[in-house]
Amino acid sequence: MPKLKSICVYCGSSNQVKPAYIRLARDLGRSLAQQNLRLVYGGGGVGLMGACAKAVHEAGGDVLGVMPKFLLQKERIFEDVEHRIVDDMHTRKQMMFDESDAFIVLPGGIGTLEEAVEMLSWARLGLHAKPMAFLDEDGFWSPFFELMEHIIEGKFTPEEFRACLVHENTPEAAIAALQDRVVVMDS
C-alpha cells in the first residue's frame, strides 16, 4: 500500500476562535511531525494555520507554506518554515494540491469550506483520489455532514461518495483514516 508523505491542512486563520480549536491544530501539528508527515498549508502564522505549522516546526517536522502576495499582511507569513509566495489564490490552491497526498480539514470559515468542497468536487469528477478527513472534537463539521447526507439522499451525489466523507475527532484517527484510504490512480 502506498504511504502518505505530505498532508495538506485546511483551517481557519482567525485568532478569535475557541482555544480548543487552536489546541487541536497544535495537536495535529505534533502528530504530523511524529509520523514524519510534511505539512502543506496556507503559509500563515495566525489562527489554526499558525498553531499547526508552529507545532510541526517545533517538533522537528517538515512544513511548506504557500501564500499569495495579497495575503502577506493579513495572514502574516510564518517565516521559520519553507514557503512559496504565489501570485493568486488559484495558484496557491493548485500548488497545495500538487504538493500533498491527502487532506485534513480543521475548523475554519468560508475559505476553509471552499477549499475542502473544491477538493471533494474534484474527487467526485474523478480528477484525483487523494483522501480527505474532517477533524474536530466538538461536532464542528456535523452540519456539513448532515448537508452531504441530504445531497446524497436527494440523488445529487451517488451513495458511494460517502466513502470520501471521513469525520474524526483525534489527529491520530484522522491520519489513520487517510492512511487506510490511499489510492494510486493510473496515469
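Mentor: Exposed means over 50% relative accessible area, and buried means under 20%. Keep both cut-offs in mind for this predicted model.

Trainee: Is asparagine 36 buried or exposed?

Mentor: Asparagine 36 sits in the loop between α1 and β2. Its relative accessibility is 67%. The cut-off for exposed is over 50%. Therefore asparagine 36 counts as exposed.

Trainee: What is the phi of asparagine 36?

Mentor: Most residues other than glycine have a negative phi. Asparagine 36 is not a glycine, yet its phi is positive. The value is about 55°.

Trainee: Which loop holds lysine 155, and what is its phi?

Mentor: Lysine 155 lies in the loop between α5 (142-153) and β7 (166-168). Lysine 155 is exposed, because its relative accessible area is 63% and exposed means over 50%. This residue is not a glycine either, but its phi is positive, at about 70°.

Trainee: Phenylalanine 161 is in the loop between α5 and β7. Is it buried or exposed?

Mentor: Look at the contacts. Leaving out residues up to four places away in sequence, phenylalanine 161 touches Leu120, Arg124 and Met148. Its relative accessibility is 8%, and the limit for buried is under 20%. So phenylalanine 161 counts as buried.

Trainee: How far apart in space are phenylalanine 161 and arginine 124?

Mentor: The two residues are 37 residues apart in sequence. They are also in contact. From C-alpha to C-alpha, the distance is 7.4 Å.

Trainee: Where is serine 31, and is it buried or exposed?

Mentor: Serine 31 belongs to helix α1, which covers residues 19-34. Its relative accessible area is 2%. Buried means under 20%, so serine 31 is buried.

Trainee: Which side chain makes a polar contact with the side chain of serine 31?

Mentor: Start with the contacts of serine 31 beyond four places in sequence. They are Pro171, Glu172 and Ile175. The polar contact joins side chain to side chain at 2.8 Å. The partner is glutamate 172.

Trainee: At what angle do α1 and α2 pack?

Mentor: Helix α2 covers residues 47-58. The axes of α1 and α2 are 7 Å apart, and the crossing is right-handed. The angle is about 30°.

Trainee: How many residues of the contact of α1 with α2 are nonpolar?

Mentor: From α1, the contact includes Ile22, Ala25 and Leu28. From α2, it includes Leu48, Ala51 and Val56. Two residues of the contact are polar and two are charged. The nonpolar ones number eleven.

Trainee: Which element gives the most to the largest nonpolar core?

Mentor: This core has 34 residues, and Leu28 and Leu32 are among those that touch the most other members. Elements that give two or more residues include β1 (6-10), α1, α2 and α6 (171-180). One element gives the most, with seven residues: α1.

Trainee: Which residues is leucine 32 in contact with?

Mentor: Set aside its neighbours within four places in sequence. Several partners of leucine 32 come from the core residues that touch the most other members, including Ile7, Val9 and Leu39. The full list is Ile7, Val9, Leu37, Leu39, Cys52, Val56 and Ile175.

Trainee: Glycine 65 is in strand β3 (residues 63-68). Is it buried or exposed?

Mentor: Beyond four places in sequence, glycine 65 touches Tyr41, Gly43, Glu82, His83 and Arg84. Its relative accessibility is 1%. Buried means under 20%, so glycine 65 counts as buried.

Trainee: Alanine 116 is in helix α4 (residues 110-124). What is its relative accessible area?

Mentor: Alanine 116 is in contact with Tyr10, Val105, Met132 and Phe134, leaving aside neighbours within four places in sequence. Alanine 116 is buried. Its relative accessible area is 0%.

Trainee: Is lysine 74 buried or exposed?

Mentor: Lysine 74 is in the loop between β3 and β4 (82-86). Its C-alpha is 8.5 Å from that of glycine 44, though the two are 30 residues apart in sequence. Its relative accessible area is 63%, and the cut-off is over 50%. So lysine 74 is exposed.

How values were computed
Residues numbered from 1 in each chain as written. Predicted model: local features only at pLDDT ≥ 70, side-chain atom pairs only at ≥ 80, totals over all residues. Heavy atoms only, no water. Helix = DSSP H or I, 4+ residues; strand = E, 2+ residues; numbered from the N terminus. Buried < 20%, exposed > 50% of the residue type's maximum accessible area, 1.4 Å probe, protein only. Polar contact = N/O pair within 3.5 Å; in protein donor to acceptor, adjacent residues only side chain to side chain. Contact = heavy atoms within 4.5 Å. Axes fitted to C-alpha atoms, helices over the stretch in contact; angles between N-to-C directions. Left-handed = near helix turned anticlockwise from the far one by under 90°. Nonpolar A, V, L, I, M, F, W, Y, C, P; charged D, E, K, R; others polar. Core = buried A, V, L, I, M, F, W, Y, C linked by side-chain atoms within 4.5 Å.
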